[in-house]
Amino acid sequence: MIKKGSQIVCESLLREGCDVVFGIPGGAILPLYQTLPEYPELRHILVRHEQGASLAADAYARITGKPGVAFATSGPGATNLVTGIASAQMDSVPLVIVTGQVNSWTLGTDAFQETDITGITLPITKHNFLVMDARDIADTIKEAFYIANSGRPGPVLVDIPRDAFNQQVDYSDEPSIDLPGYSPSTKGNNRQIKRAAKLIAQAEKPVIIAGHGIIISKAYDELRQLAEKAQIPVITTLLGISCFPEDHVLWTGWPGMHGMAYSSLALDEADLIIALGMRFDDRITGNPQKFAVNSRKIHIDIDPSEIGKNISVDVPIVGDVKEILLELNPIIEESAHPEWLKRIDQLKIEHPSLKLPQTDKLLARQVIKDISEITDGQATLVTGVGQHQMWAAQHYRFKKLCSFLTSGGSGTMGYEVPAAMGAQVADPDATVWSICGDGGFQMTMSELATIVENRLPVKFAILNNGFLGMVRQWQEIFFESSYVSTGYSGNPDFVKLAEAYGIKGIRVTDKTQVKPAITEAMDHDGPVLIDFIVEQEDNVYPMIPSGMTVNEIIEENLDQKVTS
Amino acid sequence: MSSFSEKHTITALVEDRPGVLNRISSMFRRRGYNISSLAVGQSETSGLSRMTFVVQGDTKTVEMVAKNLNKLVEVIKVLDISDENAVSRELALIRVNSDVSNRGEIMQIVDIFRAKIVDVSKDTLMVEVTGDEDKVDSLVDLLATFGVHEVMRTGTVAMSRGVSFESLSGPEN
């Protein structure tokens with residue numbers, strides 16, 4: 001059967017189960033776009049900036065567990081994807097990106113819109129390909145999907161010159177995978193699993209720290225079984241949030257720079273840390289030499305290069321966390337740890353990290369608490385990066401699994417708008433709240449048009465403090481309140497902006513209006529943007545300054561009035 | 001833990017494709033690993049190349065180098081043969097100042113090192129030597145007294161002797 005390269009791309013995507021593509025056409029990728037009408041099963045969402053495509057695909061992948069797919073043209077189209085690709089790489093999110101490239105005979109000549117995108121994305125993709133011949137497209141796309149979504153997931157970019165899309169080739173053979181150097185192992189080592197069970201049996205003060213790996217491998221039930229069987233408190237990482245229901249009695253928050261003090265203290269006091277699908281990020285460990293020195297550590301992760309990278313461990317187990325827990329859970333002993341659980345409760349009382357100060361002012365944190373209450377912890381929350389992100393993670397009580405999307409490793413501001421779009425596309429029935437900073441929102445707000453165009457009922461809550469809030473907080477604490485370039489005095493009227501896009505806009509300036517506004521947004525059939533004018537100089541606490549330890553934790557003085 | 005200056009020899013079997021060297025060197029650069037030498041050539045299997053890296057660092061660093069090499073899709077097998085009974089060799093060409101007065105002396109040194117003179121001109125000699133890194137270093141040092149113009153070294157290639165060695169690519173690191 002003779003087919004064009006562009007047709008083979010579409011058929012290969014469909015064969016891999018892709019149903020949505022985010023992208024923008026341009027010269028080099030045009031032959032592929034002109035083929036799309038032949039494949040109506042492939043829904044294309046026309047974004048307004050390619051960064052929106054890669055970030056939306058990221059969220060789509062996190063919700064569906066399938067690789068998110070994005071298209072962009074050569075040159076600036078491809079480079080605009082880069083931030084989203086780097087984010088996905090840091091957060092282990094599977095993407096398959098198809099970029100158009102200039103005609104193969106002009107490669108290397110600095111042709112119009114030529115950029116070496118495989119070179120540029122080499123260190124920020126799990127792998128990438130330049131396909132020079134349409135005969136290789138089917139195999140390459142199959143390999144791209146396999147690499148993206150096996151082992152530790154990540155983004156894979158496939159760059160295809162314009163002429164290869166038009167090239168007519170025989171397309172009859174089943175595509176096959178030929179990757180002799182790639183065989184991620186998922187099964188954990190038996191001897192180490194037995195050693196882990198032994199350590200768990202011996203532990204008096206065990207803690208689980210559950211990361212993104214639990215969500216990626218859908219090991220929710222297995223995590224819960226382990227925790228309940230041995231009565232072990234469960235701490236999550238930032239990206240692990242929503243892998244364990246937060247109304248569970250064993251839930252013990254999340255630790256680190258802005259995590260709950262009791263979580264960080266529990267890690268410090270524990271005699272055994274069971275790390276599941278996480279990578280001991282510096283935002284969790286602070287000074288790695290002084291991190292959790294009282295404990296032995298079991299580290300389960302699918303990426304061997306994460307084991308021993310930041311923290312030395314006693315029992316390393318490489319493999320898929322679900323498969324390993326399925327082996328481990330039956331051989332661990334039932335136990336209780338009443339003393340330890342009592343100690344955890346005491347830490348929670350002594351360090352009420354989630355308590356809000358008494359004030360009439362409108363605090364951003366209050367907005368999150370109210371959204372949490374009104375949605376009963378059942379919404380999908382998408383955030384940007386900064387203070388609002390930390391407050392969302394702290395004050396929303398996640399009861400739905402896989403319902404918190406945030407750019408953790410890369411800290412990509414602007415994630416909140418396109419990722420909310422991707423999450424809503426992935427799960428049209430979900431209640432999606434995009435928690436935005438006024439800074440990050442303005443980085444990607446052009447996607448509001450895409451949201452309207454595709455009738456996506458995303459609810460936006462801009463926590464508008466007129467500052468790059470987290471940077472301002474650092475300036476306050478570390479630079480004697482010298483607010484260099486962090487004040488946003490020229491913010492637009494976000495309500496009018498929403499209305500310009502045909503989105504319902506609400507402004508909230510008073511604490512008493514918060515709940516009614518949230519309810520109004522929930523009741524509205526379509527996207528809504530609420531501009532919450534919040535306290536400008538509120539800080540995120542607790543705070544463990546970068547590179548420090550839990551002993552240097554700064555907690556909020558709740559007796560003191562909030563600064564104004 | 002061993003000292004930073006310790007040198008480790010790692011070999012990798014990799015797919016012979018455009019960009020592979022770029023991926024590997026990019027990984028070394030990004031992670032801040034220090035390569036003392038790198039040699040690449042075809043392996044016994046067509047389509048596959050074999051690389052020898054001499055890496056400076058402590059045991060942990062070298063372990064991370066091996067793990068990160070293994071993560072690259074086009075890298076098939078990685079071996080740390082530092083502690084193995086291995087043969088390591090490099091080839092060097094050395095252009096050294098020489099005239100009639102000292103030619104004999106240089107030739108004597110070259111003989112002792114089982115090296116060869118491969119080119120002679122009025123003012124210079126070109127010496128070809130193979131051996132491990134230390135041997136090549138020593139010869140270069142000795143010839144330096146005559147004035148060395150130019151040194152071209154291939155970097156070390158290494159192979160373990162006829163004993164089995166442990167792979168680093170296993171899942172249970």
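In what order do the 5 strands of the open sheet with strands 9 to 13 of chain A run? In this predicted model, the order is 10-9-11-12-13, and the pairing is parallel. Strand 10 (234-236) and strand 13 (315-318) of chain A sit at the edges with a single partner strand each, so one side of each has no neighbour in the sheet. From one strand to its neighbour, this sheet turns by 15° on average, direction ignored. Further in, strand 9 (residues 206-210) and strand 11 (residues 272-276) of chain A run parallel and are joined by 5 bridges. One bridge can be picked out by its residues: A:P206 has A:L272 in strand 11 of chain A as its partner.

Two helices of chain A go with this sheet. Helix 9 (residues 190-202) of chain A lies across strand 9, strand 11, strand 12 (296-301) and strand 13 of chain A, and runs at about 135° to strand 13 of chain A. Helix 11 (residues 220-230) of chain A packs on the sheet too, where it touches strand 9, strand 10 and strand 11 of chain A. The direction of helix 11 of chain A makes about 170° with that of strand 9 of chain A.

Chain A also has an open sheet of 6 strands, again with parallel pairing, in the order 3-2-4-5-7-6. Here the edge positions go to strand 3 (43-46) and strand 6 of chain A; each has a single partner strand, so one side of each is left without a neighbour in the sheet. The twist from one strand to the next averages 20°. Within the sheet, strand 2 (residues 20-23) and strand 4 (residues 68-72) of chain A run parallel, joined by 3 bridges. A:V21 has A:V69 in strand 4 of chain A as its bridge partner.

Helix 7 (residues 137-148) of chain A is worth a closer look. Its 12 residues reach 16 Å from the first C-alpha to the last, close to the 16 Å expected at 1.5 Å a residue. Helix 7 of chain A is mostly covered, with 9 of its 12 residues buried; among them are A:I137, A:I141, A:E143 and A:F145. The cover over these buried residues includes helix 1 (5-15), strand 5 (95-101), strand 6 (127-130), strand 7 (155-161) and helix 8 (162-166) of chain A.

A:A138 lies in this helix, helix 7 of chain A. Why does A:A138 count as buried? A residue is called buried if 20 or more other C-beta atoms lie within 10 Å of its own, and A:A138 counts as buried because it has 23 C-beta neighbours inside 10 Å. Setting aside neighbours within four places in sequence, A:A138 is in contact with A:I8, A:S12, A:Y171 and A:P175. A:A138 and A:L13 are 125 residues apart in sequence, yet 9.0 Å apart in space, C-alpha to C-alpha.

Turning to chain B, there are 4 helices and 9 strands, and from the N terminus on they run β-α-β-β-α-β-β-α-β-β-α-β-β. The C-alpha trace of chain B spans about 60 × 35 × 35 Å along its principal axes. Of the 173 residues in chain B, 31% are buried. Among contacts in chain B with a separation of 6 or more, 75% link residues 24 or more positions apart.

The domain assignment splits chain B into domain 1 (7-84) and domain 2 (87-157), with centres 29 Å apart over C-alpha atoms. The contact takes 6 residues from domain 1 and 5 residues from domain 2 of chain B. On the domain 1 side, strand 2 (34-42) and strand 3 (48-56) of chain B each supply at least two residues, and strand 2 of chain B gives the most, with 3 residues. The residues on that side divide into 3 nonpolar, 3 polar and no charged. Strand 2 and strand 3 of chain B also pair with each other, in the antiparallel sense, over 8 bridges, with B:I35 standing opposite B:V55 in strand 3 of chain B. The two strands form a hairpin with 5 residues between them, and B:G47 in the turn has a positive phi of about 90°.

Finally, the two chains meet in a contact that takes 18 residues from chain B and 20 residues from chain A. Helix 1 (20-31), helix 2 (59-71) and strand 4 (75-80) of chain B each give two or more residues to the chain B side. The largest share of that side, 5 residues, comes from helix 2 of chain B. By type, the residues on the chain B side divide into 5 nonpolar, 5 polar and 8 charged.

Conventions. Residues numbered from 1 in each chain as written. Chains lettered and ligands numbered in written order. Predicted model: local features only at pLDDT ≥ 70, side-chain atom pairs only at ≥ 80, totals over all residues. Contact = placed C-beta atoms within 7 Å. Nonpolar A, V, L, I, M, F, W, Y, C, P; charged D, E, K, R; others polar. Domains from an automatic or database assignment. Expected span 1.5 Å × (residues − 1). Pairing = 2+ DSSP bridges. Axes fitted to C-alpha atoms, helices over the stretch in contact; angles between N-to-C directions.
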